[in-house]
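Q: Please take a close look at how the ligands sit in this model. I would also like to know how the strands around them are arranged.

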Amino acid sequence: MSETYFRACPLCEAICGLQMEVKDGRPVAIRGDANDPFSRGHICPKGNAILDLEADPDRLRVPLRRRGSEWEEIGWDEAFAEAGERLAAIQREHGNDAVAAYVGNPNVHHFGHLAYLPTLLRALKSRNVFSASSVDQWPHQLVNWAMYGHQFLLPIPDLDHTDYFLMLGANPLASNGSLMTVPDVAKRLKALIQRGKLVVVDPRRSETAKLASEHCPIRPGSDVWFLIALIKAMLRRSAPRVEAYGDQLNGLAQALTVIGAVEVGDLQLRCGVEQSRVERIAEEFLAAPRAVAYGRMGVSTQAHGSLCQWLLQLINLISGNLDREGGSLPNHPVLPLTGPGTSAGHYGRWRSRVRRLPEFVGELPVSAMLEEMATPGPGQVRALFTCAGNPVLSTPSGAALSEQLGKLDYMLSVDIYVNETTRHAHLILPPASFLTQYHYDSVFNAFAIRQLARLNTPLRQRAADERADWEILNGLATAFGNAAQREVKPLPPPQVLIGMGLAAGRSGITLQQLEAAPHGLDLGPLKPSLLSRLQTESGKVECAPALLMNALSELSADAAQIDAQFPLRLIGRRHVRSNNSWMHNAQRLVKGKPRHELWMHPADLAAAGLQSGQRVRLASDVAEIEVEVEADEAMMPGVVCLPHGFGHQQPGVRLRLASEVKGANYNALTDPARIDAPSGNAALNGLPVRVERIV
Ligand SMILES: Nc1nc2c(c(=O)[nH]1)N[C@H]1C(S)=C(S)[C@@H](COP(=O)(O)OP(=O)(O)OC[C@H]3O[C@@H](n4cnc5c(=O)[nH]c(N)nc54)[C@H](O)[C@@H]3O)O[C@H]1N2
Ligand SMILES: Nc1nc2c(c(=O)[nH]1)N[C@H]1C(S)=C(S)[C@@H](COP(=O)(O)OP(=O)(O)OC[C@H]3O[C@@H](n4cnc5c(=O)[nH]c(N)nc54)[C@H](O)[C@@H]3O)O[C@H]1N2
Ligand code: SF4
Ligand SMILES: [Mo]
């Protein structure tokens, strides 16, 4: 007898509804849930690969303790006690900051991680908290905080209702959308193209650029000039259309005066984009009944990420599209992420020890993590706690970081695999399958292009020898609290916390109602709410935040300068069958042709005397790696493209399939010194490199 079970997919921001056929408490088939009002039956290969994750023999289920290069299984109570005591002992001897934490991406996808981590992190009292947010969306959070007063007051493109979508540095056809939860994005973009226009600005003619009405190639890292030129072109055509914002704007004239005074110079030279093209885009953007400008990874993880995100907000604002249907407007979620009792964010309350980089939202940029471990002195990091993160493959100078992890006094990981990072841990605590847990997507419902609510209920109980994510985090916090003699209050189970969250949101929607709606609830399109929810001290939109005005005044004109030693620019890419660094152990995803190659324009390849299929050396000023190269017409000349998340062939990694997957670590090459100055976010894209034949 088989049953049917419905649950939202936790593997990317699209949170598609899945329909699982279940036998003996295990999913045996998965398809898109046609009755999910939001995802309408959409599923991608990763959704199906949940079958592989569930059956993966390499997946850990009980605590593992390392003895040299061997691992032994131990009991949960012993594991918690040991972890608590080791961390407390290191702090007693070397101070609180000697214990660092790194929090990875999957935390955001599991309520039992996200809601329970803060208790443990608060108990640790360390300034050295790092996360994947600073190799990702910090520029967005910084700009939200600076302009709107809350890190999560995030305007989202109203994709279903806009007529003109200017998209920079995003490839939703591969990523399924980011900071814009939109399952089934291809269908929705096609509908938009029928109605209006999608313009994609990207150094590569990506899958999304191929679908788009227009692709505008741009030199990596030069978007800031493009956006300044665009604002100037818009202002030449129209006064700011800001009547609807009344007296709720602070500093707009000041910001526009300074931006207007920036000399963009020869745009073609700087960005590879003709001035006439920017003029036409300005014209079209202003003429469109409803328009939106949006930028993602490609413009966040680059040298001017924060300036780009600020300029994008201003473009939506001065064209009258901010907080407007069909433009850019925040979701008002049922489980609140903003408002009373939530963390609006803060900046610069402390600085990193070595480079003096400012804290943001209680964390330091992960680009500072390696040097905090490697530089001796008081406050040096000697122990690391990782939770659902793989910084060796995901953060700057990951290969050097790997070496450093091997030298730590103690490392504790909450993770489901022995991988490139956790192989260095002394203790790994694996959470039970997400299918055993209650889950509410507090983040991605809040970033969705429609108003939604959905509770995910367990498919089965966890086994007696397993522990849920929230039980592990509670267990660690309690054990550490006991060992360090700090007061720690473990939190109640997820269904209780979710219920409390719903009550705080005052939507009137209850846990029982959600439990009775297994496909989730669609509560309608986005409605303007930003202006009434501003959390700035002034109560107004801060159009000219000092941090960004300063960054603008320091913007130097070096964008087009080419270093003869490293003449090419490296950018990343994603594929529908990838998930950052950790799903290459799923048979369904790794089958078929390899996807790790370095892509290069045929003319660049010929100029270097290389041929497709050859193995080449790819070097930055930090390190070099070896990869296979492929000619690709879709690349902008001078730009090469490599996906991140590869490089699994490392000793001690226990990933049977992934270890067979070829490909090298992009982040061996990335430089912790290359950051977006205002936020501290890593500039992973636009990295100067050279490609050489291996002789
Ligand atoms: N060069 C380059 N680097 C990049 C990027 C890029 O585009 N280019 N992208 C960046 C971005 S956007 C991000 S978000 C980061 C991601 O950076 P990370 O979050 O550090 O890396 P992931 O690959 O997501 O690793 C997830 C880890 O969580 C574990 N895991 C998976 N599911 C669970 C679970 O349910 N519970 C627990 N406890 N563990 C689990 C996996 O085994 C793995 O160790 O990478 C960044 N790095
Ligand atoms: N299948 C799959 N889906 C994923 C992930 C995954 O690994 N695999 N990761 C998830 C995560 S953690 C995230 S954060 C999201 C990210 O989702 P997206 O933001 O859509 O990220 P990418 O697909 O990396 O697309 C970034 C685009 O920016 C372009 N780009 C690079 N440099 C520049 C530049 O300087 N300027 C401009 N204009 N463009 C540039 C690249 O060519 C690329 O097409 O995806 C999520 N979804
Ligand atoms: S697009 Fe794929 S990975 Fe993302 S939520 Fe949907 S099924 Fe899961
Ligand atoms: Mo990400």
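A: What follows goes through the ligands one by one and then turns to the sheets. The model is a predicted one.

Ligand 2 comes first here. There are 30 residues around ligand 2, and the nearest of them are Ser175, Asp202, Asp223, His575 and Asn580. Two of these names return when the polar contacts are listed. The side chain of Asp202 has an N or O atom 2.6 Å from an oxygen atom of ligand 2. In Asn580 the atom concerned belongs to the backbone: a polar backbone atom of Asn580 is 2.7 Å from an oxygen atom of ligand 2. Val201 also takes part through its backbone, where an N or O atom lies 3.1 Å from a nitrogen atom of ligand 2. The protein buries 97% of the 920 Å² that ligand 2 exposes when taken alone.

The shell around ligand 2 can also be described by the kinds of residue in it. Polar residues number 14, nonpolar residues ten and charged residues six. As for helices, helix 7 (172-175) and helix 14 (297-300) each give at least two residues to this shell. Helix 14 gives the most, namely three residues. In terms of domains, at least three residues of the shell come from domain 2 (138-334 + 528-553), and at least three come from domain 3 (568-693).

Ligand 1 can be described in the same terms. It is surrounded by 29 residues, of which Tyr102, Asn105, Asp415, Asn419 and Ser581 are the closest. A polar atom in the side chain of Ser581 is 2.5 Å from an oxygen atom of ligand 1. Backbone atoms contribute as well: an N or O atom in the backbone of Ser394 is 2.8 Å from a nitrogen atom of ligand 1, and a backbone N or O atom of Ala388 is 3.5 Å from an oxygen atom of ligand 1. Ligand 1, taken alone, exposes 920 Å², and the protein buries 96% of this area. The shell around ligand 1 holds 14 nonpolar residues, twelve polar residues and three charged residues.

Ligand 3 has a shell whose members can be named in full. They are Cys9, Leu11, Cys12, Ala14, Ile15, Cys16, Ile43, Cys44, Lys46, Gly47 and Asn176. By class, eight of the residues in this shell are nonpolar, two are polar and one is charged.

Next come the sheets, beginning with a parallel one. This open sheet has four strands in the order 11-10-9-13, and their pairing is parallel. Strand 11 (214-216) and strand 13 (291-295) are the edge strands; each has a single partner strand, so one side of each has no neighbour in the sheet. From one strand to the next, the twist averages 15°. Within this sheet, strand 9 (residues 164-168) and strand 10 (residues 197-201) are joined in parallel by five bridges. Along this pair, Tyr164 is placed opposite Lys197 of strand 10. The range of strand 10 ends at residue 201, and Val201 is the residue whose backbone N or O atom lies 3.1 Å from a nitrogen atom of ligand 2.

Another open sheet has seven strands, in the order 5-4-19-18-17-6-7, and its pairing is mixed. Its edges are strand 5 (70-73) and strand 7 (129-131), each of which pairs on one side only. The twist in this sheet averages 20° from one strand to the next. At one end of the order, strand 6 (residues 99-103) runs parallel to strand 7 and is joined to it by three bridges. In this pair Ala101 faces Val129 of strand 7. The range of strand 6, 99-103, takes in Tyr102, one of the residues closest to ligand 1.

The remaining strands to consider are built around strand 27. Strand 27 (residues 615-619) pairs in the antiparallel sense with strand 28 (residues 624-631), with five bridges between them. A hairpin of four residues connects strand 27 to strand 28. Arg617 has Glu626 in strand 28 as its bridge partner. Strand 27 also pairs in the antiparallel sense with strand 30 (residues 687-693), here over four bridges. In that pairing, Val616 has Arg693 of strand 30 as its bridge partner.

Note on methods
Residues are numbered from 1 along each chain as its sequence is written. Chains are lettered from A and ligands numbered from 1 in the order in which they are written. This is a predicted model: local features need pLDDT of at least 70, side-chain atom pairs count only at pLDDT 80 or more; totals for chains, interfaces and linings use all residues. Side-chain values use heavy atoms; hydrogens and water are left out. A residue is near a molecule or strand if one of its heavy atoms lies within 4 Å of it. A polar contact is a pair of N or O atoms within 3.5 Å; within protein, one must be able to donate a hydrogen and the other to accept it, and residues adjacent in sequence count only if both atoms are side-chain atoms. Accessible areas come from the Shrake-Rupley method with a 1.4 Å probe; for residues, only the protein chains shown count as cover. Ala, Val, Leu, Ile, Met, Phe, Trp, Tyr, Cys and Pro count as nonpolar, Asp, Glu, Lys and Arg as charged, and the others, Gly among them, as polar. Domain bounds come from an automatic or database domain assignment. Two strands pair if DSSP finds at least two bridges between them. Axes are lines fitted to C-alpha atoms, for helices over the stretch in contact, and angles run from 0 to 180 degrees between N-to-C directions.
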